[in-house]
Amino acid sequence: MRGRIYILTIVIAVIGCRQAYNPKPVTAAGSYLVVEGAINTGTDSTVIGLSRTVPLSSSTALKPELNAIVTIMSDAGNGYTMVETGQGYYRAPGLNAPAATNYKLKITTAEGEAYQSDFIPAKVSPPIDSVYYRIKSDGVQIYADTHDPTNNTRYYRWDYVETYQFRSAFESYDYFSNFPVDTVLLRPQADHIFVCYRGDVSANIIVNTSAKLAKDLIAQNEITFISSASEKLESRYSILVKQYALTPDAFNYFQQLKKNTEQLGSIFDPQPSELPGNVHCITNPSETVLGYITAGAPAEARIFIDNRDLPAWHANTPYDGCKMDTDLYAKVLRGGVIENDVAINIYSGAEIPIYPVTPPAGVPILGFSASNPACVDCTLRGTNVPPVFWVNE
């Protein structure tokens, strides 16, 4: 009996020690400027993103910095004004600027606050030797190789832009027109809504170094992994990989940023640390500014991956639950009531016609197979205009 009481006491003590922990959200009013991007001294555009931090408790995920004046300056005194393109992004066309020059970014906000980066040496990336992929049991791993025969680069960063072709659930050969009267017409090829294109950009920080190697060589550097169930691999996929040469300080910044943002999960992972950047507030030197600007001409390489070259994987798409209905001009209901499903569903825009329903003789048209726009119109999720670089094989 004493043993039973003793065990029960331990259980009660353990249960009694468990209390809900509800930490108070950080509600500090600090709104720090975040500066993202790289000064491209080559032929491609420079894009700089400006935003403000928001509290964790805020319902707003992004607070872009609008109406700022952003200028790229060289230590030779040349200036390049950037144009605001919306959502806190500022763009300058290809600078074609001298590589053996230092550059800095100057920012003046709409409130008159002045910021600028340190002068940054422009570094030209060596070419990318190859971008390629390997088929794994659960997807595709994409790699990049590079080397610098002069052994002068050593520190690298990569990002990428993905583009992929996808198809809606059903190919529509007809469309609704209300001019001059409500009717269904044959869809022109130029207005197809079956094949579309979507894009995505890299979200993770990809860095590597050959500093501890005898040769400046990076091999089998992992760029991104695509799951076998991803819609990206359903038809045709393309990735444009960009490679940047970094200074040691820039590499250390991005490496620490990667640890702070991607590798936290347990007490055994690297713990977050202070991350000073190279952008400063001139108006208020004590103000915290987040970001690190680099400069130089990146290298680029693009590859395509075709579904026919992959295993017979099944992609999970938003169209998996789609179904096709039959809408008739004269549908007989109980009691002999005639209902015009074409007018109810297609003329109203609730469904998009797919192809006509006809008797064996082919005439007259009795109605149309149809489905809701989300299952038929791929332009609701992408564009039906192929990118200029797109090549179909």
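**Exercise 1.** In this predicted model, is glutamate 262 buried, partly exposed or exposed, and which lysine does it pair with?

*Solution.* Start with accessibility: glutamate 262 comes out at 30%. Buried would need under 20% and exposed over 50%, so glutamate 262 counts as partly exposed. Next, look for the partner: glutamate 262 makes a salt bridge with lysine 258, with the closest N and O atoms 2.9 Å apart. Lysine 258 is partly exposed too, at 21%. Finally, place the pair: both residues sit in helix H2 (residues 248–262), four residues apart, or about one turn of the helix.

**Exercise 2.** Work out which residues form salt bridges with lysine 242, and where the partners lie.

*Solution.* Take aspartate 44 to begin with: its closest approach to lysine 242, N to O, is 3.3 Å. Aspartate 44 is in the loop between strands S1 and S2 while lysine 242 is in strand S20, so this bridge ties together parts 198 residues apart in sequence. Now glutamate 300: here the closest N and O atoms are 3.9 Å apart. Glutamate 300 belongs to strand S24, 58 residues from lysine 242. Last, check the cover: lysine 242 is buried at 17%, whereas aspartate 44 is partly exposed at 28% and glutamate 300 is partly exposed at 41%.

**Exercise 3.** Find which strand gives the most to the largest nonpolar core.

*Solution.* First get the core: it has 33 residues, and those with the most contacts inside it include Val131, Ile142 and Trp158. Then go through the suppliers of at least two residues each, among them strands S12, S13 and S14 plus helix H4. S14 gives the most, with five residues.

Methods:
Residues numbered from 1 in each chain as written. Predicted model: local features only at pLDDT ≥ 70, side-chain atom pairs only at ≥ 80, totals over all residues. Heavy atoms only, no water. Core = buried A, V, L, I, M, F, W, Y, C linked by side-chain atoms within 4.5 Å. Buried < 20%, exposed > 50% of the residue type's maximum accessible area, 1.4 Å probe, protein only. Salt bridge = Lys/Arg side-chain N within 4 Å of Asp/Glu carboxyl O.
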